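Okay, thanks for coming, everyone. Let me put the structure up on the screen, and then I'll talk you through it.

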Amino acid sequence: MLALTVVPLKQGSAEVTEVPDPEPADGELLVDGMALGVCGTDIEIVAGDYGWAPEGEQRLILGHESLGRVREAPDGSDFSSGDLVVGVVRRPDPVPCVPCGRGEFDMCRNGQYTERGIKQRHGYGSERWTVEADYAVKIDPSLESVGMLMEPTTIVAKAWDHIGRIGSRYTFEPRTVLVTGAGPIGLLAAMLGAQRGMSVNVLDRVTEGPKPQLVEDLGATYHSGSVADAVGSCKPDIIIEATGVGQLVFDAMQETSAGGITCLTGVSPTGRELSVDAGAINRDLVLENDVVFGSVNANLRHYKLAAEALTKADRSWLERLITRRLPLDRFQEALDRKPDDVKVVIELAS
Ligand code: BGC
């Protein structure tokens with residue numbers, strides 16, 4: 001079968017290669033791959049900046065934003081042939097650390113976790129793949145065309161879950177959220193904010209293309225100026241930062257209302273220096289009881305929350321997040337970012 005593979009840390013090594021058909025082990029599903037969402041992490045891996053092949057192998061099958069249809073399911077599992085499924089990205093570390101031992105592998109504390117398509121495990125970018133039934137999540141058949149949005153939705157489901165947990169340290173009644181960045185993570189974070197009945201604001205650089213209207217159609221407000229301009233009109237209780245742009249990160253964390261929470265979700269490149277008034281930032285965080293925290297990955301609880309959020313969402317709005325769909329043999333075009341892209345999808349079914 002065909003798979004999208006790469007030699008991690010080697011730029012220009014991505015190609016569609018013939019690989020052996022996967023054999024499901026005990027307790028595993030055999031799945032026909034349908035589609036793969038492309039994200040910043042995939043682009044980083046292909047650029048030679050990130051990623052690890054499985055031990056003893058040279059190439060890594062790429063892809064962690066999966067969608068497939070079950071071909072074979074083990075007897076007695078909750079799955080049957082024909083079900084739409086998404087595979088979970090992370091697996092607990094083998095030690096395991098305390099959170100990994102309790103199913104909170106998204107909070108792994110020793111860094112020895114593995115990730116499908118990213119770190120030491122083959123991903124879901126192949127015509128067929130296998131997945132442990134315990135790490136597969138069934139999705140509603142009505143999500144067939146947009147199910148690959150599940151994984152990015154789990155990222156924001158976790159962000160909102162942790163905002164809620166951190167908020168419970170006092171009587172926090174948040175009303176307004178500012179999301180910085182209107183890429184897939186930002187827009188899905190905004191969608192979950194709208195589902196919570198919050199007043200939602202989204203800040204991005206662009207003034208054209210699909211993003212402003214996608215935001216308006218959530219009943220949210222779109223801003224394209226500076227953080228200060230956006231904040232001036234909305235005074236957010238919560239900021240979800242989804243650009244990873246250093247300057248924006250520092251601007252954002254000082255701008256919540258008192259007792260506010262800033263959640264950072266963007267993975268930025270390293271090596272770019274910035275001059276900041278560290279005293280002012282510290283003073284502001286202390287005097288206002290603010291919290292700034294980082295959030296990555298998601299556990300099974302978040303997959304459940306994400307599946308619920310997607311099931312509730314307007315299908316045509318979700319469809320509009322997918323701005324391009326390309327077949328596997330045109331993966332290079334899929335990895336090439338275009339100004340109007342929100343989510344680009346690689347179709348795996350031939
Ligand atoms: C994925 C996460 C993963 C992270 C770091 C992101 O693109 O969505 O699941 O933990 O990359 O590897």
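Before anything else, one term: when I say salt bridge, I mean a side-chain nitrogen of Lys or Arg within 4 Å of a carboxyl oxygen of Asp or Glu. And please keep in mind that what you're looking at is a predicted model.

So, with that term in hand, how many salt bridges are there between domain 1 and domain 2? The count is two. One I'd like you to find is R320 with D217, where the closest N and O atoms sit 2.9 Å apart. Helix α10, residues 315-321, is the element that gives the most to the side of domain 1 touching domain 2, with three residues. If you sort that side of domain 1 by class, you get four nonpolar residues, one polar and five charged. Polar contacts between the two domains come to two residue pairs, both at pLDDT 80 or more.

Let me back up and say where these domains are. The domain assignment puts domain 1 at 2-138 plus 318-347, and domain 2 at 154-294. The contact draws on ten residues from domain 1 and 13 residues from domain 2. Centre to centre, over C-alpha atoms, the two are 28 Å apart.

How much area do domain 1 and domain 2 bury between them? About 960 Å², with 66% of it on carbon and sulfur atoms. On the domain 1 side, R320, L321 and V342 supply 50% of the area buried against domain 2, more than any other three residues. You've met R320 already, as the partner of D217 in that salt bridge.

Now the whole chain. The protein has eleven helices and 19 strands. Its radius of gyration is 20 Å, close to the 20 Å that the globule rule gives for 350 residues, so the protein is as compact as a globular protein of that length. Along the principal axes, the C-alpha atoms fill a box of roughly 60 × 45 × 40 Å.

Last, two backbone details to look up on your own screens. The peptide bond from V95 to P96 is cis, with omega near -15°, and P96 is in the loop between β7 (90-91) and α2 (98-101). Then there's Q120, in strand β9, residues 120-121. Q120 isn't a glycine, yet its phi is positive, about 65°.

That's my tour, so over to you.

Methods
Residues numbered from 1 in each chain as written. Predicted model: local features only at pLDDT ≥ 70, side-chain atom pairs only at ≥ 80, totals over all residues. Heavy atoms only, no water. Domains from an automatic or database assignment. Contact = heavy atoms within 4.5 Å. Buried area = accessible area lost by both parts, 1.4 Å probe. Polar contact = N/O pair within 3.5 Å; in protein donor to acceptor, adjacent residues only side chain to side chain. Helix = DSSP H or I, 4+ residues; strand = E, 2+ residues; numbered from the N terminus. Nonpolar A, V, L, I, M, F, W, Y, C, P; charged D, E, K, R; others polar. Rg over C-alpha atoms; globule rule 2.2 N^0.38 Å.
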